[in-house]
Amino acid sequence: MPSIARTLVALLTVVAPSVAIAQASLARPPLTIERITSGPPLAGAAPSSPLWSPDSRAVAFLWSDAAHPDRSLWSVDRAGTVPRRLLPANLTARVSEFTWTPDGRAIVFVQGDSLWRFTMATGVRTLLPSGRGEVSELAISPNGATVSFLRDGDLWLLPLSGAAPTRATSVAIAPIGQIPLGTYYGRDVEIGGATWSGPSPAYAWSPDSRTIAMHYVDRRGVPRFSMPYYLGDSVPMNTLRRGAPGQANEVRKVALYEVATRALRMVELPDSSRTRIVNFAWSATGTLMIDRESDDAIDRTIHVLTTAAPAPRLAWQDHRETRVYNDIASAWSADGRSIVLTGDLDDRYRLYRVVPGDAAPVALTSGPHDVAGAGIPRAATRSVDYVSSAPRPSERHVFRVSAGGGPSRQLTTRAGTHTPFVSPDGSTIALLSSSDLQPTELYLLDVRPGAIERRITTSTTAEFARVPWIAPQYLRIKNGSDTVPLHIRVFYPPNIDSAKHYPVLFGPAYSNTVRNRWGGMNGMLQQYLALEKGYIVVQVDVRGSTGYGREFREKFLMDWGGGDLDDLESAVTYMKSLRFVDASRFGIWGSSYGGTLTVYSLLKKPGLFQAGVAGAAATDPYLFGSDDVAIVRRPQSHPATFTRGALQYAGNLRDHLLLIHGMQDDVVPFSSAVALAEEFMKRGKDFDFAFAPAATHGWTQRPYYATYLLRKLVAHFDRYLGPGPR
């Protein structure tokens, strides 16, 4: 009997932790694909579009405190912690845009197709006579007299005195297609952003309110591209304007509109169909800056123009043959005498001060870190705020440097990724911040020694809080013979048993993925695979990623599906060295370039992964898009780059591949996946193919497509690798 008692005690000691874990699992609903892709947002509705009042006393933003996807208008005082709903709770229609009046007394906002003014002191809402149709790119003239917006591809002006709106420009020409799907679907001519315009504004008022600079886009010279659309009563062709490398691109210009005379004139600069407009902005003294970059990223120029001058003059230029996709930006200094630009003039992205006409920019930042995005100058503090990859490449923190350069001071303290919105007086910063375990929330940070971020919003649901989200580990590993360490992020299943062997999934594969930020649907899929299915999930910052120096970034030029596969192989080698990893169960998945990595890994390094899921995989360089000139150049100048399509490697397929593609994908056309499938069939290869009839490049955008296709993704790995440890 005593021996039996001792045995029972020993068994209970071993079993008790397992029972506790099982009971904890039963206490919460399991995370499922269906819950990730559909229903009320599990993570809530994150705040967006924070905008400071001109007097810096309050910041307004869009938010829903009840996880409702249609956000309303909110504000919070600079010293406050509790947000204030500005519109009644029963007004649930989505507020899409808003702006402050220059005196800070009112907010003009768009709700549905209507334009309203909200008076801060009284809370009174007034309907403005905006006319009929969708309103976007809302702004108010600096003198406070006129509301401006885009509608139907043209600029409209609405006097706040109460008169009816007028159509200021008449340049718009309707799209050639009738099916409004795809990235390249757009009007033949319009005022607004280009297809791949980045942060460039649609238009900008001059400080004296007399002139409006605007982005003019003409697509009439771009080739027609058609895809059959199968969901109608017949089978019409979805036709749009889409160029490939070497073909004509959009004409992108800056135009000037004189408000008094209603005259519109183009600012003529060379190569307008081979150059994107990075930014254009007015200085405080009324000089217009135009920042442009060639489509292949090799050349960058900044021109300046006064309204009285007949033509712009060159203020600065830069040329380098080895550039790839370029993370550049610009802004006027607070005094309007110089330009603060983000550039890659040496090994790192830095802030520079450029005085128009001077030969050499002056670096404002230093160190082995990259600046991300534009600097934010403020006159009151004589400083420039910016986002940097310091102190570690996996995070993005806010720093402040003197307008004249010198040592920088880190302002944000919370681990994660931060996007700053600096008050006009520079004393407070609104932050949209997220991390691996927390979706985006709004914080306020007073810029003074010892201050920490104050959380303003709580968007996540009670259900979200019950999920035991996994904190990933960030590692630096040896990358073959490369002297630059490889950075990876790893999600381990909870309570991992070192005596067992776990399968490993790489994905979603892409560049710039090793980041401490909330990953949205992809991030929750990673969590699901580790938490519920028992996979180890890995991401790798392959070459082309930012934060590791110019050489590592520019190795990507004309070498996709090449050296980046070696980076993946180095990470696979490291993971196989762990005693609890099953070396025979490795998988990879990704979409777009991540799909490319998946296909090329299986075809050029057979056996490296035993299974792969390739979504929207770009496998034919002749079908790359107009923005991809920056990584492949053009067939006329670099023909060898265009001999690297995937079809020639199709005979190497021996691992298990699932292709996923949207039939209305105009970024990576469905035809490229069909051509690869045809080649596999010719060669007698076994593979799987899943498609979505009306999905575009973002094939998870519709919840029912996301549910169906992500189920296929998980089932593919479960079938060919097997979930959980063995």
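## Helix 10 and its partner

In this predicted model, helix 10 has the buried residues Tyr705, Ala706, Thr707, Leu709, Leu710, Leu713, Val714, His716 and Phe717. The helix covers residues 703-720. Its 18 residues should span 26 Å at 1.5 Å a residue, and the end C-alpha atoms are indeed 26 Å apart, so the two values agree. After helix 10 comes glycine 722, which has a positive phi near 85 degrees.

Two packed helices are described by the angle between their axes and the distance between the axes. Helix 4, residues 520-531, packs with helix 10 at an angle of about 40 degrees, and the axes lie 12 Å apart. The crossing of these two helices is right-handed. On the side of helix 4, the contact is made by Met521, Leu525, Tyr528 and Leu529; on the side of helix 10, it is made by Ala706, Leu710, Leu713 and Val714. Sorted by class, this contact has 8 nonpolar residues, with no polar and no charged ones. The four contact residues of helix 10, namely Ala706, Leu710, Leu713 and Val714, also appear among the buried residues of that helix.

## Helix 9 and its surroundings

Helix 9 comprises residues 670-682, 13 residues in total. From its first C-alpha to its last it reaches 19 Å, close to the 18 Å expected at 1.5 Å a residue. Its buried residues are Phe670, Ser672, Ala673, Leu676, Ala677, Glu679 and Phe680.

These buried residues pack against three elements: helix 7 (593-604), strand 42 (656-662) and strand 43 (688-692). Just after helix 9, glycine 684 adopts a positive phi of about 70 degrees.

## The eight-stranded sheet

Strands 42 and 43 also belong to an open sheet of 8 strands, arranged in the order 36-37-39-38-40-41-42-43 with mixed pairing. Strand 36 (473-479) and strand 43 stand at its edges; each has a single partner strand, so one side of each is left without a neighbour in the sheet. From one strand to the next, the twist averages 20 degrees.

Within this sheet, strand 37 (residues 482-491) and strand 39 (residues 536-540) are paired in the antiparallel sense over 4 bridges. Valine 490 stands opposite valine 538, which is in strand 39. Helix 6, residues 563-576, packs on the sheet and touches strand 36, strand 37, strand 38 (502-506), strand 39 and strand 40 (581-591). The direction of helix 6 makes about 110 degrees with that of strand 36.

## The four-stranded sheet and strand 10

A further open sheet has 4 strands in the order 9-10-11-12, with antiparallel pairing. Its edge strands are strand 9 and strand 12 (166-167), each of which pairs on one side only.

Strand 10, residues 146-151, has 6 of its 6 residues buried, so it is largely enclosed by the rest of the structure. In a regular strand the side chains alternate between the two faces of the sheet. In strand 10, Thr146, Ser148 and Leu150 point one way, while Val147, Phe149 and Arg151 point the other way, and all are buried.

## The two hairpins around strand 10

Strand 9 (residues 136-140) runs antiparallel to strand 10 and is joined to it by 3 bridges. Isoleucine 140 has valine 147 in strand 10 as its bridge partner. The two strands form a hairpin with 5 residues between them, and in the turn glycine 144 has a positive phi of about 75 degrees.

On the other pairing, 6 bridges join strand 10 to strand 11 (residues 154-159), and these strands also run antiparallel. Arginine 151 has aspartate 154 in strand 11 as its bridge partner. This hairpin has 2 residues between the strands, and aspartate 152 takes a positive phi near 55 degrees.

## Serine 72

Serine 72 lies in strand 3, which covers residues 72-77. Is this residue buried or exposed? Its relative accessibility is 5%, and the cut-off for a buried residue is under 20%, so serine 72 counts as buried. Leaving aside residues up to four places away in sequence, serine 72 touches Phe61, Leu62, Trp63, Arg85, Leu87 and Val95.

Terms used:
Residues numbered from 1 in each chain as written. Predicted model: local features only at pLDDT ≥ 70, side-chain atom pairs only at ≥ 80, totals over all residues. Heavy atoms only, no water. Axes fitted to C-alpha atoms, helices over the stretch in contact; angles between N-to-C directions. Left-handed = near helix turned anticlockwise from the far one by under 90°. Contact = heavy atoms within 4.5 Å. Nonpolar A, V, L, I, M, F, W, Y, C, P; charged D, E, K, R; others polar. Buried < 20%, exposed > 50% of the residue type's maximum accessible area, 1.4 Å probe, protein only. Pairing = 2+ DSSP bridges. Expected span 1.5 Å × (residues − 1).
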